[in-house]
Amino acid sequence: MIQSDPVIAWLLDSDPSIRWQVMHDLLDAPEREWMTERAKVETEGWGARLLSCQDEDGQWAGGAFLPAGFDAGEWKQRGQPWTATTFSLSQLREFGLDPACGCARRTVKLVGANARWEEGGQPYWEGEVEECINGRTVADGAYFGVDVSPIVDRLAGERLDDGGWNCERINGSVRSSFASTINVLEGLLEFERSTGGTRRSREARRTGEEFLLARNLFRRLGTGEPADVRFLRLLHPNRWRYDILRALDYFRASAILTGADPDPRLGEAIDHLRSRRLQDGSWPLDNSPAGRVWFEVDDGQGKPSRWLTLRAMRVLRWWDAQPSINA
């Protein structure tokens, strides 16, 4: 039985934010059980700890994208800081904080009233100027019940000719990037899950998916060479960065939402993911973005990661259950 699997036991011996997803995605637990566990994200463990770091005005670290008083020298010396509002909201979404809980509703209201983007001073829920940032803002806003349809419409109109997105578009880029595209796709998927989407948003999601699929999630279209060897390394937290597991988890969620069969072009990335599994059944953390954080949620680079193992196991469980792939 799967409950006796030592890897499952290891995952369950963890934070509520991981436990409820194991119960939901890997064990098919009854809704009342995983919902009870999910509710603990607000009051226990990493979720409660991150909420305790929140400012009285609803922000984190006094800023939307950057901490208040940020010195650019820090980015150069220590890496991009991850403590401001946008990354904290995205992490709460990853933890699975119930958007209907009181603290989530309070946070949405306060952020909308008090947070302004450093680039342009726009109110937070109106979005920023970069596609990467706006993709995550759509994902967070849709998840937490905010009307982000104006940002969605803007993103749909910012697609490049190859079907994806690049946050360097305003600087003249005409080719989509893997990272910008996955950030926008995740936002559009969350918007569609929450609202049903629009014709434009669904079409934009289709072309963005095709951009990644045509490249087998990590290859250059012209040469077939890996676009970036880092795409094959397993990263957590992803923040804005791309890797194949992030993309595979997206395509899994997309297929579950729409009922679509998995695309065979995911197969090469699936094979690579299988090859990275350790003998004990877990997956290792290859890298974590450098920079200031509130606290760590993995045990360290090179060590087994519960987050990566959870995501990899649910991707493979979904893939292996598809008769169209495994016939």
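Where does P237 lie? P237 sits in the loop between α11 (199-213) and α12, and the views below start from the overall fold and come back to that loop. This is a predicted model, in which local features need pLDDT of at least 70, side-chain atom pairs count only at pLDDT 80 or more, and totals for chains, interfaces and linings use all residues. Residues are numbered from 1 along each chain as its sequence is written, and side-chain values use heavy atoms, with hydrogens and water left out.

**Figure 1. The whole protein chain, with 15 helices and 0 strands.** Helices (H or I, at least four residues) and strands (E, at least two) are DSSP runs, numbered from the N terminus. The C-alpha atoms fill a box of roughly 55 × 45 × 40 Å along the principal axes. For 327 residues, a compact globule would have a radius of gyration near 20 Å, and the 19 Å of the protein chain agrees with this; the radius is taken over C-alpha atoms, and the globule rule is 2.2 Å times the number of residues to the power 0.38. Of the 327 residues, 55% count as buried. Here buried means under 20% relative accessible area, exposed over 50%, and partly exposed in between (1.4 Å probe, protein chains only).

**Figure 2. Helix α2 (residues 16-25) and its surroundings.** Because 9 of its 10 residues are buried, α2 is largely enclosed by the rest of the structure. Among the buried residues are W20, V22 and M23. The buried residues of α2 pack against α1 (6-12), α3 (31-39), α4 (45-52), α6 (85-95), α12 (244-258) and α14 (306-320), where a contact means heavy atoms within 4.5 Å.

**Figure 3. Aromatic rings at Y143 and F144.** A search of the whole structure finds 16 aromatic pairs. Y143 and F144 form an edge-to-face pair, 4.9 Å centre to centre with 85° between the planes. Rings of Phe, Tyr and Trp (its six-membered ring) pair if their centres lie within 6.5 Å; planes under 30 degrees apart count as stacked, over 60 as edge-to-face and the rest as tilted. Y143 is buried at 14% relative accessibility, and F144 is buried too, at 8%. Elsewhere, ring pairs link F178, F211, F231 and Y242 into a cluster.

**Figure 4. W82 in the loop between α5 (72-78) and α6.** With 2% relative accessibility, W82 counts as buried. Leaving aside residues up to four places away in sequence, W82 touches F87, R239, W240, R241, P289, A290, G291, R292 and V293.

**Figure 5. Backbone features in the loop between α11 and α12.** The peptide bond from H236 to P237 is cis, with omega near -15°. In this loop, R239 has a positive phi of about 55° although it is not a glycine. Most residues other than glycine have a negative phi, and most peptide bonds are trans. R239 is buried, with a relative accessible area of 13%, and R239 is one of the residues that W82 touches.

**Figure 6. A61 in the loop between α4 and α5.** A61 is not a glycine, yet its phi is positive, at about 55°. At 16% relative accessibility, A61 counts as buried.
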